[in-house]
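Subject: The structure I promised you

Hi,

Here is the structure we talked about, for you to open and turn around on screen. Have a look first, then read on for what turned up.

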Amino acid sequence: MALLELLPLDELSHGLANLSMFPYFDMAHYIVSIMALREQPGVLEVSRVSPLACWFSSMLLCFGGAVLSAVMLAEPAVAPLSNSTGVLLASITWYLVFYCPMDLVYCCSALLPLRLVLSVMKEVTRTWKVLGGVTLAHSKYKDSLLVMIAIGWAKGAGGGLIRNFEQLVRGVWKPETNELLKMSYPTKITLIGAVLFALQQTHYLPLQTHHLMLIYTVFTVVNKSRMMLTGSSSSPFAAIESAVYKTLFAGHSPYDALTGEVQKACVDHGATNGTTATAGAKEIGENGAAEKTTPVSRVKGQSGSLKAKEKSENADTTNCKKIN
């Protein structure tokens, strides 16, 4: 855009595009990812029982995006682990977060000011990962916008997308935590970035790459800082998501009327059957009570007639005695 080229932001965007991620930004990504793993329930117990499973889960979170994108592009899944320096740095970070004496590394990193800085640096690395995935897919599938979006999304949010597999390594199976069922904020913001960079690479979005990198990075950094400082977990896209859902996916089906009539008929039929059954039960109860009462009344009548007969006989006997 001409406006960005005229402003000093152009130099800033070029400086951001030429910024090296190794080692500081990569280390921040490793620390934040491994700390998030440690804070999950039951992970500390796993780290004491099986350090190997804990280490493998940490590596999946640190390099999950590269592994998932490699699988999607039919490349060796272990290729990202060939970077010995990165794996060594992530392994050292894992050890210090879980096993440092007096838990100093985790306690210091958990302080809000330092954790805010680390999270901001991690958001910067997200831009490079999304752009790297989109660029890699564009070099192989130049006209496939969907493939570029998918690879960019996988590379930027792979740790979240393979969370079920990472949990399975630790002996936990929670399919309800699938990111496709309920996407978290990092997954959503990565998907938006993949769409924007894919549109820019295919020249549908009239922006230069470094300008889009600056805009996207500033947005993610500012929003992440706001969420951490305010303690809010709500997505900034909640209102847009709700409007789109109600407009496109929550409309009334043309079969709703028929379905409603069938359900109403079933309810009415059930209510009628219930009323009939109640009336029948009441009638049966009354008849049973009448049947129970009738023998008693008959017995009472017979006993009364016998008593009258005895009285008359006694009276006759008395009269006979008096006459005698």
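Let's start with one residue, S58. Not counting residues up to four places away in sequence, S58 touches I34, L37, W94 and F98. You can find S58 in helix α5, which covers residues 51–72. Is S58 buried or exposed? Its relative accessibility is 0%, so S58 counts as buried; the cut-off for buried is under 20%. Keep in mind that this is a predicted model.

Now zoom out to the whole chain. It has 14 helices and zero strands, so if you read the elements from the N terminus on, you get α every time. Of its 324 residues, 34% count as buried. As for contacts with a separation of 6 or more, 74% of them are between residues 24 or more positions apart.

Next, the inside. Which residues touch the most other members of the largest nonpolar core? They are F63 and F98, in a core of 26 residues. The elements that give two or more residues to this core are α3 (24–38), α5, α6 (84–99) and α8 (112–140). Among these, α3 supplies the largest share, with eight residues. You have met F98 already, as one of the residues that S58 touches.

F63 deserves a click too. Leaving aside its neighbours within four places in sequence, F63 is in contact with Y30, L81, G86, V87 and A90. Apart from the largest core lies another one, of 21 residues, including L131, V134, F197 and F237.

Then there is the outside. The chain exposes about 19,700 Å², and carbon and sulfur atoms supply 67% of that area. Where is a nonpolar patch on this surface? Look for I240, V244, Y245, L248 and F249, which make one of about 570 Å². L248 from that patch is found in helix α13, residues 238–249. L248 counts as exposed because its relative accessibility is 60%, and the cut-off for exposed is over 50%.

If you want a pair to compare on screen, try S58, buried at 0% relative accessibility, and L248, exposed at 60%.

Have fun with it, and write back if anything is unclear.

Cheers

Technical notes: Residues are numbered from 1 along each chain as its sequence is written. This is a predicted model: local features need pLDDT of at least 70, side-chain atom pairs count only at pLDDT 80 or more; totals for chains, interfaces and linings use all residues. Side-chain values use heavy atoms; hydrogens and water are left out. Helices (H or I, at least four residues) and strands (E, at least two) are DSSP runs, numbered from the N terminus. Buried means under 20% relative accessible area, exposed over 50%, partly exposed in between (1.4 Å probe, protein chains only). Contact means heavy atoms within 4.5 Å. Accessible areas come from the Shrake-Rupley method with a 1.4 Å probe; for residues, only the protein chains shown count as cover. Patches are made of residues with over 30% relative accessible area and no salt bridge: like charges are joined within 9 Å, nonpolar side chains (Val, Leu, Ile, Met, Phe, Trp, Tyr) within 5 Å. A salt bridge is a side-chain nitrogen of Lys or Arg within 4 Å of a carboxyl oxygen of Asp or Glu. A nonpolar core is a set of buried Ala, Val, Leu, Ile, Met, Phe, Trp, Tyr and Cys residues joined through side-chain atoms within 4.5 Å.
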